[in-house]
Amino acid sequence: MAPWTPFPHAGGYRLDAASVKAQWSRLHCDDAEPCPQDAAVLQAWALYHNGEFEQAAAAGLRAGGAGITVANKATAVYANYLEPGEKARLDLFMQVAGRAEAQAAQEPENANAWYWQAYALGRYSQGISVAKALAQGLGGRVKHALEKAIALAPRHADAHIALGTFHAEVIDKVGPLIGGMTYGARKDVGLQLFQQALRIHPGSAIGMIEYANALVMLEGDPKMQEATQLYEKAAATEPLDARERLDVEMARIELQEN
């Protein structure tokens, strides 16, 4: 596979293992990942937070154990934000899904093994179309894995966001009746999940972005002003690491285009 596209602000973040450890609770209030004891895994996380996603994924895989989660997050974030080729994106998401599924089989109490499986399958589903993914049975797998992640880590903000997105996208594609009867998707549950995510992590730019998108999908024009305000708040957020900067820039681009 070709080398990964570099993070566009290389050198903008210079976290090392010590500073990552010192700021762990803030850096990981999105994913509730425990601070690792293994120095190699901590170093892999430093690479991730600095936007060195390809190096972080390789370091995580070399470290093994908790390093698999670093590799999965680095790969999924890279695929979602920076990989220009659609086939390569989808292939990377399926790599993450496969690794995370194997990790969950070995460590069924590992919330992020379930979460990254769901995230990767969810992004893959968006890539091939949500309707096609539902027909292939991917929706049920995503929902189950996210509910498992939240049960294991109730303060996993990103899992709440992803499950809220699941409810919104299913209803948007198949309607509330079929969405509820066939896939267990409900508008009120979806909106509550976003609200809970933002209570856990009030500064989550991606939480605000996805909540705004869900409001428009579920409520339409009457919620457009509230959605715009959420985008404005996301765009004004001060990013602490490379992933957060990508989220903030996505919000700013969306505002400029609308």
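Ten aromatic pairs turn up in this structure, which is a predicted model. Take Phe7 and Phe53 to begin with: their ring centres sit 6.3 Å apart and their planes meet at 85 degrees, so this pair counts as edge-to-face. The cut-off for that label is over 60 degrees. What the pair does along the chain is worth a look too, since it links distant parts. Phe7 belongs to the segment before helix H1 (17–22), while Phe53 is in helix H4 (residues 53–63), and the two positions lie 46 residues apart in the numbering. Both Phe7 and Phe53 are buried.

Trp116 and Tyr119 make another edge-to-face pair, because their planes are at 65 degrees, with ring centres 5.1 Å apart. Here the partners are three residues apart in helix H7 (residues 111–128), so about one helical turn separates Trp116 from Tyr119. Trp116 and Tyr119 are both buried as well.

Back to Phe7 and Phe53: these two also belong to one aromatic cluster, together with Tyr13, Trp24, Trp45 and Tyr48.

Moving on to another residue, Leu191 is found in helix H11 (residues 187–200). Is Leu191 buried or exposed? Its relative accessibility is 13%, and because buried means under 20%, Leu191 counts as buried. Leaving aside residues up to four places away in sequence, Leu191 touches Tyr211, Leu215, Leu218 and Glu219. Gly164 is 27 residues from Leu191 in sequence, yet the C-alpha atoms of Leu191 and Gly164 are 6.4 Å apart in space.

How values were computed
Residues are numbered from 1 along each chain as its sequence is written. This is a predicted model: local features need pLDDT of at least 70, side-chain atom pairs count only at pLDDT 80 or more; totals for chains, interfaces and linings use all residues. Side-chain values use heavy atoms; hydrogens and water are left out. Helices (H or I, at least four residues) and strands (E, at least two) are DSSP runs, numbered from the N terminus. Buried means under 20% relative accessible area, exposed over 50%, partly exposed in between (1.4 Å probe, protein chains only). Contact means heavy atoms within 4.5 Å. Rings of Phe, Tyr and Trp (its six-membered ring) pair if their centres lie within 6.5 Å; planes under 30 degrees apart count as stacked, over 60 as edge-to-face and the rest as tilted.
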